[in-house]
Amino acid sequence: MKSFDMIVIGSGSGLEISSEAADRGLSVAVVEHGPFGGTCLNRGCIPSKMLIHSADVMETIQRAGLFGISAQVSAVDWGSIIKRAVGTVDGDAQAVEEGNRRHPKISVFKDTGRFVGDRVLEVGGERITAERIVIAAGSRPRVPDIDGLADVPFITSDEALRLPRQPRRLVILGGGYIAAELAHFFGALGTEVTIVHRGPRLLRQEDDDVAARFTQVYQRRFNLLLNTVVQRAQHHGDEISLEVGTDGRTQALAVDTLLLAVGRVPNTDLLDVAKTGVAVDDRGFVRTDEYLETTVPGIWALGDIVGRYLLKHSANLEAAYVAHNIFNPDNKVAVDYYAMPHAIFASPQVAGVGLTERAAREQGLPYVASVYSYYDTAYGSSIEDKDGFVKALAHRETKEILGCHIIGSEASVLIQEVVNAMRMRLTTDAITQSIYVHPALPEVVQRAFGSLRA
Ligand SMILES: Cc1cc2nc3c(=O)[nH]c(=O)nc-3n(C[C@H](O)[C@H](O)[C@H](O)COP(=O)(O)OP(=O)(O)OC[C@H]3O[C@@H](n4cnc5c(N)ncnc54)[C@H](O)[C@@H]3O)c2cc1C
């Protein structure tokens, strides 16, 4: 059995810790069975946003008439769109792997790791051990239990970002952010998209007003089947047929591609974490304390596999804390998740931070809320954003910023100033008393906070 100072399982956000440990002179084993860089680089944030930019460009051209420009798209070169994204991320993954292999203190194990005993991992026929182990093995798409699905060639987001041919007719199962982003990508580029969602509204984790507006817009853009479940899936030749039920009514859908986007499951089962005594919660996510140490001293966990926020910036934040806490055992610091933002790169974009209005109400907080439309600002009307709005929430007495929720153009960018103010524990004054460039889009954020009335 080979012994190391540290084992890091997963080459996504875990690499931040393995490289720091190796640079400090520790011997480190990095265990990874896929391409280096993890989900974000290979099948998540980065390729999806590269592809979505093509969809955004298409939408800009389609809306050109609104601004007095007559433009027509003569062709969509699907191969180039995919190649731009895949070529970039595959090259980066290769470079990250080579960088790890070159490091004199890092040993790369390119295979599936599985715990077989206390701090002992079996990988590629070898057994390795270390006093310090970091579990950063992420999550994978959930596959729901649907009659007939096992015999149908469905795809998940893993394949959706690398399809060699554009689907003609696509059903997306799901109503969360991955379903929303991929519907925009495929739909804007000409695929006929049907979204099948079991709930009454898309993006149910968003503020209710944002989710309602987003659902309205998607009702305009796509064939949106809400309160609908897939009862049976079948496959004949190139055609996939689905039997779906909505409020007791059944209908048949025939498509060439079925994309499942119904959530993620942690990779703890593949890793068999129970063999080393690491406890998981009822959904299989690794349980940790506030320092991200698991129930076994010396074994740490971070990222999707701990299940707090399944977002890359959250995983990066956690990696920084784990690195600090491992190397400063007498001065451990609890993770500060306050004001964790998120953004959805659909069309319209959505972004949020802090409490939703419903959460503020349920917590019994004395809050004030205000909504301001993009179209009521100079820039919002100049870009013809008629759906967009910003909702601001603050504490009635202290002016603490409780939350902000944005739907509309550049929402992912606009949210940042609110995140910065919240992370610095500033009040609404940080926004209302500042000076905004006129007539730039951030004025809509200032107006939303400026119209809060105690
Ligand atoms: C389509 C899509 C779009 C997304 N867009 C965004 C976005 O815009 N913004 C955002 O913040 N987040 C986004 N995310 C989420 C983000 O990608 C993840 O939250 C983040 O990558 C998680 O990082 P991680 O380090 O926890 O896990 P990962 O990056 O998944 O790393 C885990 C690694 O462990 C490896 N592994 C797992 N089990 C084993 C094993 N037993 N043996 C060996 N290796 C193993 C895996 O191959 C993987 O490389 C998106 C995700 C998807 C799917």
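**Close-up views of the ligand site and a three-stranded sheet**

Among the elements around the ligand, α2 gives the most residues to the shell, four of them. Helices here are DSSP runs of H or I with at least four residues, strands are runs of E with at least two, and both are numbered from the N terminus. Please keep in mind that this is a predicted model: local features need pLDDT of at least 70, side-chain atom pairs count only at pLDDT 80 or more, and totals for chains, interfaces and linings use all residues. Residues are numbered from 1 along each chain as its sequence is written, and side-chain values use heavy atoms, with hydrogens and water left out.

**View 1. The shell around the ligand.** Here we meet the 34 residues around the ligand, of which S13, E32, T39, K49 and D304 come nearest. A residue is near when one of its heavy atoms lies within 4 Å. The shell divides into 11 nonpolar, 16 polar and seven charged residues. In this grouping, Asp, Glu, Lys and Arg are charged; Ala, Val, Leu, Ile, Met, Phe, Trp, Tyr, Cys and Pro are nonpolar; the others, Gly among them, are polar.

**View 2. Polar contacts to the ligand.** A polar contact is a pair of N or O atoms within 3.5 Å. The side chain of T39 has an N or O atom 2.5 Å from a ligand oxygen, and a polar side-chain atom of D304 lies 2.7 Å from an oxygen atom of the ligand. From G113, a backbone N or O atom lies 2.9 Å from a ligand nitrogen. Taken alone, the ligand exposes 1000 Å², and the protein buries 96% of that; these areas come from the Shrake-Rupley method with a 1.4 Å probe. The elements giving two or more residues to the shell are α2 (38-43), α3 (45-62), α6 (177-188) and α9 (312-327).

**View 3. An open sheet of three strands.** The strand order is β11-β12-β13, with antiparallel pairing. Strands pair if DSSP finds at least two bridges between them. At the edges, β11 (228-236) and β13 (249-255) each pair on one side only. The twist averages 20° from one strand to the next.

**View 4. Strand β12 and its partners.** Eight bridges join β11 to β12, and R232 stands opposite E243. Seven bridges join β12 (residues 239-246) to β13, where L242 faces L253 as its opposite residue. Six of the eight residues of β12 are buried (under 20% relative accessible area), so β12 is largely enclosed by the rest of the structure.

Technical notes:
Polar contact = N/O pair within 3.5 Å; in protein donor to acceptor, adjacent residues only side chain to side chain. Axes fitted to C-alpha atoms, helices over the stretch in contact; angles between N-to-C directions. Buried < 20%, exposed > 50% of the residue type's maximum accessible area, 1.4 Å probe, protein only.
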